[in-house]
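Opening the notebook for a fresh model. I'll jot down what I look up as I go.

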Amino acid sequence: MVASDKKENKFISIVVYLHNDRERVVPFFNKVLQVFKENFEKYEVICVNDASQDDSVEVLKDYFASPQKEGMEPLWSGCMINVIHMSYFQGLEASMNAGRDMAIGDFVYEFDDINPDYPPQLIRDVYDRMLSGYDIVSAGCKGRIKLSSSLFYLFYNMTSKSRNKIGPETFRILSRRAINRVMSMGQYIPYRKAVYGNCGLKTYTVFYESEGGAKRHKSKTDRNERTSLAMDSFIYFTDVLERMSLAVSSVFLIFTLGVIVYIIGSVFSESKPVEGWLSTMGFLSLGFFGVFSLLTFIMKYLSVMLSLIFKHQRYLIEGVEKISQE
Amino acid sequence: MGFMGDKKGSVYDKIIIGAGLYGMYAALYCANKGENVLVLEYDEAPFQRATYINQARVHMGYHYPRSLSTAVKSAGYFKRFVDEFGFCIHSSFQQIYATSLRFSWTDQKQFLAFCKAAGIRCEEVPAARYFKEGMCDGAFLTEEYTYDAMLLRDYYVEKLSARSNVEIKYRARIQKICRKDKEYEVWLSDGSRYHTGYVLNASYASTNQILQLVEGNDFLPFDIKYELCEIILCKPGERLKGMGITVMDGPFFSIMPFGKTGLHSLTSVTFTPHVTSYSKLPSFSCQKGKVCGMGQLANCNDCADRPGTAWEYMDHLAGKYMREELEYTYVDSLFSMKPILKSSEVDDSRPTRIRVDSKEPYFVSVLSGKINTVYDLEEYL
């Protein structure tokens, strides 16, 4: 699709995650803001600085604070730039939750990654796709993803309670309606993709081929954090634990039934087993069946409690700073 | 008339710089004591800047949940101001304060506890009545009013014009202020000179610029930053008419009646300030090649180079919080310069700063962002 001459008059919020990204800041905004300038009348930029240890924020401020670039009107003229400073490193999910909560746009773009390995036009494409009747449209990179990630998505999608499948995503656009829905679900959002997928509105993923094959940048802390997030997500959003305990209780139920059949059989049959064996086995299998059934209930109960507990604010910010263009 | 004119110029008991509320209040107060007063004003009329161009809130203290001292002081002056200036006060509306669920430095419980400690009225009401789901964790019916700056101006103009011992000079361009023994001599660019034993600098955003004009004295400038602010005036729909809404305590907004004009003011913490200057004297890129500059601020509201409106931003912010039926439409924007004391950022307190820079002759500077703490001046006059 070609950008039309008339700009869209929807108000757009651009939420960008920043963590030790000093080299990527300028190329990212140069590439991305061009698209927004061409396509939209009004937009705001919200950068979430997740406790960067390098000088990412200074680079960012320098970039936005200079009113002129080579005599040209800058890409962000007339647009508000805010930076949210996270109190300490809290990871992608918590930080982006903060960014989204701050956004005021009709539509909110979430850039989880500031490596723009996609054609800029894709940014407009997800918007058009959204207008055609979706509330959340994601852009996902086709091809090479890590084995552990693909295993995670495979198991997750198998056990997830939602009909929407999730996968690797670079950025996405959300409608205000989707955000309102997610907010009114009233729960803590440990993993956005999963919550968005569960919100009951129509979602869509546009896939693209990665340009230039630049490696996705993830630090060690990121990986550890994401592993534990993956485990948590299974607990929050899938019923994998319930199903497992249900399966184990079922095995014991079948075993119990088998023992009962055996006991009845042996009462009437000639060969007598060792004295006391029947009653011991009968008691044991019945007992285990009882214990595992009980565990199934407890699991269910815990999962309900879980969603009740996590209603509170789950990220800590140090402050919000507006970059003044002077 | 009080001037004992000699060839060098007239003599006054007090010269007051700035015809905003603080200047006019001081003028009338001193006139009542029988003193001869001269008020010097840059603009063509009184109340052209910050006294008029602000939220027009008569503060009861709700705004300062992180600074109990500011709150208690505001509450103390509230009643006195409302009694004395009842003619310009609009009080017949519901003032709703709310605490945002996200990004707020103060939550619902803390706000209630704060109001209790400050001894100000605060009744909890259902947040869902005014706000969208999941936006605010508490909403409170409070007691707070708004004043009409134009009615207040007319009152002062009338009162002061009846006084023979008060003179107001508009379009005054102060060139320099010199100390001569126990007197200050104020030079205007039209060649006139005035003498006094007491100068009150009540010029708010221009306060450092006035201090700069005092020759031979190194008065320290106030440690302030400057924000060029926009107040949006809008026409409230039926449901919003009798209501003011303020969301606390962070990057939020307020929409409330603007005096008795029938309009509401819409402001936000993030979008109301357009550009900021951190230097001692206000320096902005829009000042280039004009009368307005580091030495003298012209009136931003009348300026051709004032910024474009941030209406879309403020509208979206308010629309994100408020229920759809609380409607309003854009009418106009007002711009003014606001000095902010840097020391007050952490607890968000807004102290009224009164500083005596010299004694005999007196040079006193006042800096306050709140209308009802004007009484603080009295002990210095």
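Started at the end of helix α4 of chain A. I checked the backbone just past it: α4(A) is followed by A:G133, and the phi there is positive, near 125 degrees. Note to self: this is a predicted model.

Next, the helix itself. Which residues of α4(A), spanning 121–131, are buried? I get A:I123, A:R124, A:V126, A:Y127 and A:M130. I then looked at how they sit around the axis. They cover an arc of only 160 degrees, which puts them on the same side of α4(A). The general rule I keep in mind here is that an α-helix has 3.6 residues a turn, so residues three or four places apart point the same way.

What do the buried residues of α4(A) pack against? I find one helix, α1 (22–39), along with the strands β5 (136–141), β6 (171–175) and β7 (203–208), each of them in chain A.

Moved on to where the chains meet. I count 18 residues of chain B in contact with 21 residues of chain A. On the chain B side, the elements giving two or more residues are β19 (273–277) and α6 (311–321). The largest share comes from α6(B), with five residues. I also sorted that side by class: seven nonpolar, six polar and five charged residues.

Then chain B on its own. I see six helices and 22 strands. The C-alpha atoms fill a box of roughly 70 × 45 × 35 Å along the principal axes. I compared the radius of gyration with the globule rule: for 381 residues a compact globule would have a value near 21 Å, and chain B has 21 Å, so the two agree. Buried residues make up 49% of chain B. Of the contacts in chain B with a separation of 6 or more, 74% are between residues 24 or more positions apart.

Last, the domains of chain B. How is chain B divided? Domain 1 takes 10–49 + 151–222 + 352–380, and domain 2 takes 70–148 + 223–344. Their centres, over C-alpha atoms, are 28 Å apart. The contact takes 22 residues from domain 1 of chain B and 27 residues from domain 2 of chain B. On the domain 1 side, α4 (149–161) and α5 (207–212) of chain B each supply at least two residues. I put α5(B) down for the largest share, four residues. By class, the domain 1 side has 10 nonpolar, eight polar and four charged residues.

Notes. Residues are numbered from 1 along each chain as its sequence is written. Chains are lettered from A and ligands numbered from 1 in the order in which they are written. This is a predicted model: local features need pLDDT of at least 70, side-chain atom pairs count only at pLDDT 80 or more; totals for chains, interfaces and linings use all residues. A residue is buried if 20 or more other C-beta atoms lie within 10 Å of its own, exposed if 12 or fewer, and partly exposed in between; C-beta atoms are placed from the backbone. The arc is that of the directions from the helix axis to the C-beta atoms. Two residues are in contact if their C-beta atoms, placed from the backbone, lie within 7 Å. Ala, Val, Leu, Ile, Met, Phe, Trp, Tyr, Cys and Pro count as nonpolar, Asp, Glu, Lys and Arg as charged, and the others, Gly among them, as polar. Domain bounds come from an automatic or database domain assignment. The radius of gyration is taken over C-alpha atoms; the globule rule is 2.2 Å times the number of residues to the power 0.38.
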